[in-house]
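I opened a fresh page for this one and wrote down what I looked up, in the order I looked. Friendly warning: the notes are terse.

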Amino acid sequence: MTIEKETNDRFFEESVRAEVIIHIGTMFIDGAVSSEVRDALEFDWENIFTAIGCDQPEHEDEDFIVDYFRNEVKKQGFLVRFSTPIPKNISRHGYSISWSSYMNKWIYADTYQEACNKALVWRGDYIKQAKIAAGIDV
C-alpha cells in the first residue's frame, strides 16, 4: 500500500492526513474485527455506509456486521477516514489553519491511491466552499 510521491507531497502541503485505514478485503475475513474497526463502526456508522455506497444493515451486532461485509457489501477496497483542518480568518490573501480544529470524511475506493486522490478533491472542494461562505470569489 503505497502512494505516489506527488500525492504524499500534496498531503503535506494541503494538510490532509489519513487517520483510519480499513482494508475491507482483509479486515472482515474472520469472525472478529479489530478494535479500530469496531470503534469506527460504532461511532461513524452512517458515514461509513454512505462512503461505501450501500445500505446500512439492520443490526449492529459485530458477528452480523462481519457477515454483512463478507456477503452483502461485496467490496474489497479501502475505507479511509481522512482529516483536514478547518480554515479560519479567510481572506482574499489566504487563511490560517490548525490541527486543533479539523473535520473528517470517510472515503471508499478500490485502491489506497484512489482514496488519497479522492481525499485531495474533497479537501479542495471544502476549501472552495469555505471561501465562498466567507464571501471570497473563487
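These entries go from the whole chain down to single residues.

**Entry 1: the whole chain**

I started by noting that this is a predicted model. I then listed the secondary structure of the protein chain and got six helices and five strands. Reading from the N terminus, I wrote the order as α-β-α-α-α-α-β-β-β-β-α. Along the principal axes, the C-alpha atoms take up a box of roughly 55 × 30 × 25 Å. I also looked up burial: 36% of the 138 residues count as buried. For contacts with a separation of 6 or more, I found that 64% link residues 24 or more positions apart.

**Entry 2: the sheet**

Which strands make up the open sheet, and in what order? I found three strands in the order 1-2-5, paired antiparallel. Strand 1 (17–23) and strand 5 (102–109) are at the edges with a single partner strand each, so each has one side without a neighbour in the sheet. From one strand to the next, the twist averages 20°.

I reminded myself that strands of a sheet pair through backbone hydrogen bonds, either parallel or antiparallel. How many bridges join strand 1 to strand 2? I counted six, with strand 2 covering residues 78–85 and running antiparallel to strand 1. For one register point, I looked up Val20 and found Arg81 of strand 2 as its bridge partner.

**Entry 3: two helices with a buried side**

I went to helix 3 (residues 35–43) next and found Val37, Ala40 and Leu41 buried. These residues span an arc of only 95° around the axis, which puts them on the same side of helix 3. Glu42 and Phe43 are exposed on the other side of helix 3.

Helix 4 (residues 45–52) was my next stop, and its buried residues are Trp45, Ile48, Phe49 and Ile52. Viewed down the axis of helix 4, they fall within an arc of 90°, so they line one face of the helix. The spacing fits the textbook picture: an α-helix has 3.6 residues a turn, so residues three or four places apart point the same way. Turned away from the buried side of helix 4, I found the exposed residues Glu46 and Thr50. After helix 4 comes Gly53, with a positive phi near 85°.

**Entry 4: positive phi outside glycine**

I kept the background in mind here: most residues other than glycine have a negative phi. Which setting does Ser15 have, buried or exposed? Ser15 has a relative accessibility of 14%, so it counts as buried. Its phi is positive, near 55°, and Ser15 is found in the loop between helix 1 (5–14) and strand 1.

I looked up Asn89 as well, and its phi is near 50°, again a positive value in a residue other than glycine. Asn89 belongs to strand 3 (residues 88–91). With a relative accessibility of 65%, Asn89 counts as exposed.

**Entry 5: cysteines**

How many disulfides does a search of the whole structure find? I got zero. Cys116 counts as buried, at 0% relative accessibility. Cys54 is partly exposed, with a relative accessible area of 23%.

**Entry 6: Gln113**

I picked out Gln113, which lies in helix 6 (residues 112–133). What does the side chain of Gln113 reach? I found the backbone nitrogen of Glu4, at 2.7 Å. Leaving out residues up to four places away in sequence, Gln113 touches Thr2, Ile3, Glu4 and Thr7. Gln113 has 13% relative accessibility, so this polar residue counts as buried.

**Entry 7: Val138**

My last look was at Val138, in the segment after helix 6. Val138 counts as exposed, at 62% relative accessibility. Which residues does Val138 touch, not counting those up to four places away in sequence? I noted Lys128, Lys131 and Ile132. I also took the C-alpha to C-alpha distance from Val138 to Trp122: the two are 16 Å apart in space and 16 residues apart in sequence.

Note on methods: Residues numbered from 1 in each chain as written. Predicted model: local features only at pLDDT ≥ 70, side-chain atom pairs only at ≥ 80, totals over all residues. Heavy atoms only, no water. Pairing = 2+ DSSP bridges. Helix = DSSP H or I, 4+ residues; strand = E, 2+ residues; numbered from the N terminus. Axes fitted to C-alpha atoms, helices over the stretch in contact; angles between N-to-C directions. Disulfide = S-S within 2.5 Å. Buried < 20%, exposed > 50% of the residue type's maximum accessible area, 1.4 Å probe, protein only. Polar contact = N/O pair within 3.5 Å; in protein donor to acceptor, adjacent residues only side chain to side chain. Contact = heavy atoms within 4.5 Å. Arc of directions from axis to C-beta.
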